[in-house]
Amino acid sequence: MLMSAFGGLMWLLYTAMLVLAVVALVMAAFSREDAFRAADKQNKMFWLIVLGIAVAVNLLIPMLFLQLAGLVATIVFFVDVRPALQQVSGGGRGRRGGGSSSDGPYGPYNGGR
C-alpha cells in the first residue's frame with residue numbers, strides 16, 4: 001500500500017517536472033532573439049537546447065538526478081530569464097502605460113505631501 005502511494009507520488013512529480021519543462025521550452029521558443037541579447041542573458045538557442053534536453057530527459061531517461069538538473073534549468077528560466085525578457089520586451093503585469101509600483105488608480109501616490 002505504501003509503495004503504491006509512493007509510486008503515484010513519484011509519477012505525479014515526474015509529470016509536473018515534464019509539464020514545467022515543456023511550458024518553459026514553448027515560452028523560450030516564442031520569445032524574440034533580440035530580447036535575450038538586450039536582457040544580457042544567454043542566447044535563445046542556448047535556452048532552447050537546455051530546455052529541450054530537460055524535456056528529453058524527462059521523457060526518455062527516468063533517472064531522478066538528471067531530471068532534477070533539468071528542473072533546476074527550468075526554474076532558472078522561469079525565475080531569472082523570463083522576467084528579464086518581459087522587462088525588455090515591454091510585457092508587464094497588466095499595467096497600462098507602464099507606471100511605477102506606487103501608482104494608484106488616479107495617478108502616483110506621493111505619501112500625503
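Before I turn to the pocket, let me fix one term: Ala, Val, Leu, Ile, Met, Phe, Trp, Tyr, Cys and Pro count as nonpolar, Asp, Glu, Lys and Arg as charged, and the others, Gly among them, as polar.

What you see above is a predicted model, and I would like to begin with its confidence. The mean pLDDT of the protein chain is 84, with 78% of its residues at 70 or more. Within the chain, confidence is highest in helix 3, residues 44-60, where the mean is 95, and lowest in strand 1, residues 103-104, where the mean is 64.

Now to the largest pocket, whose volume is about 160 Å³. Its lining is made up of Met27, Phe30, Ser31, Arg32, Ala35, Phe77, Arg82, Leu85, Gln86 and Ser89, and the elements that contribute two or more residues to this lining are helix 1 (2-30) and helix 4 (64-89). Which element gives the most to the lining? That is helix 4, with five residues. In terms of the classes I began with, the lining of the largest pocket divides into five nonpolar residues, three polar and two charged.

Helix 4 also takes part in a helix pairing, since helix 3 and helix 4 pack with their axes 9 Å apart, at an angle of about 140 degrees. Because angles over 145 degrees count as roughly antiparallel and 65 to 115 as roughly perpendicular, helix 3 is therefore oblique to helix 4. As for handedness, the crossing of helix 3 and helix 4 is left-handed.

Definitions and conventions: Residues are numbered from 1 along each chain as its sequence is written. This is a predicted model: local features need pLDDT of at least 70, side-chain atom pairs count only at pLDDT 80 or more; totals for chains, interfaces and linings use all residues. Side-chain values use heavy atoms; hydrogens and water are left out. On a 1 Å grid over the protein atoms alone, a cavity is a set of points where a 1.4 Å probe fits but cannot get out, and a pocket is an open set with protein on both sides within 12 Å along at least five of seven lines; lining residues have an atom within 4 Å of a point. Grid points are joined across faces, edges and corners, and a volume is the space filled by probe spheres set on the points. Helices (H or I, at least four residues) and strands (E, at least two) are DSSP runs, numbered from the N terminus. pLDDT is the predictor's confidence in each residue, from 0 to 100. Axes are lines fitted to C-alpha atoms, for helices over the stretch in contact, and angles run from 0 to 180 degrees between N-to-C directions. Angles under 35 degrees count as roughly parallel, over 145 as roughly antiparallel, 65 to 115 as roughly perpendicular and the rest as oblique. A crossing is left-handed if the near helix is turned anticlockwise from the far one by less than a right angle, and right-handed if clockwise.
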